[in-house]
Amino acid sequence: MIYEIATLLVRPERTDAFRHAFADVAHLLTRAKGYRGHLLAPGIELPQQFTLIVRWQTLEDHTPNFETSDDHQAFMAGLQDFLAGEPAVRHIEGAAFSIGPWDASAAK
């Protein structure tokens, strides 16, 4: 399991409209091969800085597969007018999420 973590800086006066626009294009993400779920959340210190976390089955499901698709182009086109810059994207392996203080026995 791979997690894509994207930081999306939204124009402060457009955050509510961005949420609606994201809801309108989210289906393009959810129907992608290897898609396993997502979370979109605004920052606490910077409410206009959203973090999008997408769970993918493999890295290839996100890049190159989804990123080179027409659905990705439409997804980004639906959000572009609200962004104050290019999204910053990185990936992590899912194992990072499988151990926590709520399940200390898993660390043994």
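These questions and answers cover the fold, strand pairing and largest pocket of a predicted model.

Q: In what order do the elements of the protein chain run from the N terminus on?
A: The protein chain has three helices and four strands. Read from the N terminus on, the order is β-α-β-β-α-α-β.

Q: In which sense do β2 and β3 pair?
A: A hairpin of six residues joins β2 to β3. Strand β2 covers residues 35–42, and β3 covers 49–56. Their pairing runs over seven bridges, and its sense is antiparallel.

Q: Which residue in β3 does Pro42 stand opposite?
A: Pro42 belongs to β2, residues 35–42. Its partner in β3 is Phe50.

Q: What share of the residues of the protein chain counts as buried?
A: Buried here means under 20% relative accessible area. The protein chain has 108 residues, and the share that meets this cut-off is 33%.

Q: How much of the exposed area do carbon and sulfur atoms supply?
A: The protein chain exposes about 6,600 Å². Of this area, carbon and sulfur atoms supply 54%.

Q: Which element gives the largest share of the lining of the largest pocket?
A: The largest pocket holds about 170 Å³ of space. Its lining has 15 residues, and those closest to its centre are Glu4, His72, Phe75, Met76 and Val89. At least two lining residues come from each of β1, β3, α2 and α3. The largest share is four residues, from α3.

Q: How many residues of that lining are nonpolar?
A: The lining includes two polar and two charged residues. The nonpolar residues number 11.

Note on methods:
Residues are numbered from 1 along each chain as its sequence is written. This is a predicted model: local features need pLDDT of at least 70, side-chain atom pairs count only at pLDDT 80 or more; totals for chains, interfaces and linings use all residues. Side-chain values use heavy atoms; hydrogens and water are left out. On a 1 Å grid over the protein atoms alone, a cavity is a set of points where a 1.4 Å probe fits but cannot get out, and a pocket is an open set with protein on both sides within 12 Å along at least five of seven lines; lining residues have an atom within 4 Å of a point. Grid points are joined across faces, edges and corners, and a volume is the space filled by probe spheres set on the points. Ala, Val, Leu, Ile, Met, Phe, Trp, Tyr, Cys and Pro count as nonpolar, Asp, Glu, Lys and Arg as charged, and the others, Gly among them, as polar. Two strands pair if DSSP finds at least two bridges between them. Buried means under 20% relative accessible area, exposed over 50%, partly exposed in between (1.4 Å probe, protein chains only). Accessible areas come from the Shrake-Rupley method with a 1.4 Å probe; for residues, only the protein chains shown count as cover.
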